[in-house]
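Me: I am new to this structure and should like to be guided through it by a series of questions. Please reason through each answer before giving the value or name requested.

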Amino acid sequence: MKSSQLVAIIKRLEAMQESEDGSVQSRRFEKDGVEKGEVTFDPATETYSLEEIATHQKFEFDDIDLAAIEIYDLLDDSED
């Protein structure tokens with residue numbers, strides 16, 4: 001059975017929340033070596049921001065599940 005991509009994404013997002021220094025954390029998400037998006041987590045506001053690299057669109061989420069689903073959709077986009 002193939003492991004869940006969604007679980008892996010959520011674990012990366014959770015790791016961003018666990019930073020002990022209180023600084024804004026960021027992670028890049030890639031597919032086949034091509035950067036698809038960059039996510040930042042601001043502990044002061046407890047929000048995630050996702051920037052899609054191709055379109056430079058930015059989205060904000062205050063829910064880890066919604067952020068993970070959007071990242072999953074971005075990585076699973078079959079139009080590439």
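The exchange below concerns a predicted model and takes its helix, core, strands and loops in turn.

Me: What distance separates the end C-alpha atoms of helix α2?

Reply: Helix α2 covers residues 64–76, which makes 13 residues. At 1.5 Å a residue, the expected span is 18 Å. The model agrees with this expectation, for the end C-alpha atoms of α2 lie apart by 18 Å.

Me: Within what arc do the buried residues of α2 fall, seen down its axis?

Reply: The buried residues of α2 are I64, A67, A68, I71, L74 and L75. Viewed down the helix axis, they line one face of α2, because their arc is no wider than 125°.

Me: Against which elements do the buried residues of α2 pack?

Reply: A residue counts as buried when its relative accessible area is under 20%. In α2 this group includes I64 and L75. The elements against which the buried residues of α2 pack are α1 (5–17), β1 (25–31), β2 (34–42), β3 (47–52) and β4 (58–61).

Me: At the start of α2, which residue has a backbone nitrogen within 2.7 Å of a side-chain oxygen of D63?

Reply: The contact is found at the start of α2, where D63 contributes a side-chain oxygen. Within 2.7 Å of that oxygen lies the backbone nitrogen of D65.

Me: Which element supplies the largest share of the largest nonpolar core?

Reply: The largest nonpolar core has 15 residues, and those touching the most other members are I9, L13, F29, V39, Y48 and I71. At least two residues of this core come from each of α1, β2, β3 and α2. The largest share, 6 residues, is supplied by α2.

Me: Which residues are in contact with I71, leaving aside its neighbours within four places in sequence?

Reply: I71 is one of the buried residues of α2, and it is also among the core residues that touch the most other members. In soluble globular proteins, nonpolar side chains tend to be buried together. Beyond its sequence neighbours within four places, I71 is in contact with I9, L13, F29, V39 and L50.

Me: Which residue in β2 is the bridge partner of R28?

Reply: Strands β1 and β2 run antiparallel and are joined by 7 bridges. The partner of R28 in β2 is E38.

Me: What value does phi of D32 take?

Reply: D32 is placed in the loop between β1 and β2, a hairpin with 2 residues between the strands. At 74% relative accessibility, D32 counts as exposed, because the cut-off for that class is over 50%. D32 is not a glycine, although its phi is positive, at about 55°.

Me: Which residue in β4 stands opposite E51?

Reply: Strands β3 and β4 run antiparallel, with 4 bridges joining them. Opposite E51, in β4, stands K58.

Me: Near what value is phi of H56?

Reply: H56 is located in the loop between β3 and β4, and the hairpin of these strands has 5 residues between them. With a relative accessible area of 55%, H56 is exposed. Its phi is positive in a residue other than glycine, near 60°.

Me: Is T47 buried or exposed?

Reply: T47 is found in strand β3, and its side chain makes a polar contact of 2.7 Å with that of T45. Not counting residues up to four places away in sequence, T47 touches T40, F41, D42, E60, F61 and D62. Its relative accessibility is 17%, and the limit is under 20%, so T47 is buried.

Me: How far apart are the C-alpha atoms of D42 and L66?

Reply: D42 lies in strand β2 and is partly exposed, with a relative accessible area of 26%. Apart from residues up to four places away in sequence, D42 touches V24 and T47. D42 and L66 are 24 residues apart along the chain, and their C-alpha atoms are separated by 16 Å.

Me: What is the C-alpha to C-alpha distance between F59 and F41?

Reply: F59 lies in strand β4 and counts as partly exposed at 27% relative accessibility. Leaving aside neighbours within four places in sequence, F59 is in contact with Y48, S49, L50 and E52. F59 and F41 are 18 residues apart in sequence, and in space, C-alpha to C-alpha, they are apart by 12 Å.

Methods:
Residues are numbered from 1 along each chain as its sequence is written. This is a predicted model: local features need pLDDT of at least 70, side-chain atom pairs count only at pLDDT 80 or more; totals for chains, interfaces and linings use all residues. Side-chain values use heavy atoms; hydrogens and water are left out. The expected span of a helix is 1.5 Å times one less than its number of residues. Buried means under 20% relative accessible area, exposed over 50%, partly exposed in between (1.4 Å probe, protein chains only). The arc is that of the directions from the helix axis to the C-beta atoms. Contact means heavy atoms within 4.5 Å. A polar contact is a pair of N or O atoms within 3.5 Å; within protein, one must be able to donate a hydrogen and the other to accept it, and residues adjacent in sequence count only if both atoms are side-chain atoms. A nonpolar core is a set of buried Ala, Val, Leu, Ile, Met, Phe, Trp, Tyr and Cys residues joined through side-chain atoms within 4.5 Å. Two strands pair if DSSP finds at least two bridges between them.
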